[in-house]
Amino acid sequence: MILPYKKTTLIPVKIPSLKMMHVKNNRGFTMIEIIAILILLGIISAVAVVTISGNQNELISQSDALISYIKYAQAKSMGTTARVFGIGIDASHERYWMFSCNSSGTCTWQDTKELLPGARLNPAFDDTGTGDQIQTSKVNVDIAGSDTAIVFDKIGRPFQATTGSITYVDPLPDTAGLTQLSTAFAITLNDNKGHSKIITIIPETGFIQ
């Protein structure tokens, strides 16, 4: 059986162009708007950093400097038996310095000062005018505690001075006037805004943080 032919009518469908599909409210940011946003973010970040740190710039820089100098004295002592190096601290006058003692020699750690890097012959660093020590009170940072000295042996272990004079012999534990640290030794720095930073020297390892 043959079915009768039926003519099919096509209905045209209008496809919207890309221009018609564009939504006016879907536009991107202009370059000026992006720059303005970046500037605002920069200002907010700067304010946040100052707020969080509490403007502790001098305290942080002095703490970092003292840590560096302690590590420097430790490095100078390591690998040699001819001399030992240490850091002397005059807390009553808020200043510190590096000193050294020769083997089999007696020295007073308050007097046998070595010029620190960065403090070389610069009287502005301390009130004595010699430039061989760092005076933290120059930037309103104080050192808490009592006068003392920390000395390192040839493998970097820390010792504390118990008297004003040291008679250095090798090995360092036999040296008169020194006691090997048995607990962590802390140095506290304070600024005039009520902030504090604590530097800790770990016994046995001599790790400084």
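**Cores and surface of the predicted model**

Half-range connections are a good place to start: of the contacts in the protein (heavy atoms within 4.5 Å) between residues at least 6 apart in sequence, 50% join residues at least 24 apart. The model is a predicted one, in which local features need pLDDT of at least 70, side-chain atom pairs count only at pLDDT 80 or more, and totals for chains, interfaces and linings use all residues. Residues are numbered from 1 along each chain as its sequence is written, and side-chain values use heavy atoms, with hydrogens and water left out.

The protein holds three helices and twelve strands, taken as DSSP runs (H or I, at least four residues, for helices; E, at least two, for strands) numbered from the N terminus. Of its 209 residues, 32% count as buried, that is, under 20% relative accessible area, with exposed meaning over 50% and partly exposed in between (1.4 Å probe, protein chains only).

The largest nonpolar core (buried Ala, Val, Leu, Ile, Met, Phe, Trp, Tyr and Cys residues joined through side-chain atoms within 4.5 Å) has 25 residues. Those with the most contacts inside this core include Leu66, Ile70 and Ile201. Among the elements that give two or more residues to it are helix H3 (57-77), strand S1 (83-90) and strand S12 (196-201); H3 gives the most, with six residues. Apart from this core lies another, of 14 residues, among them Trp97 and Tyr168.

Turning to the surface, Phe29 lies in the loop between helix H1 (18-21) and helix H2 (31-53). Phe29 counts as exposed because its relative accessibility is 64%.
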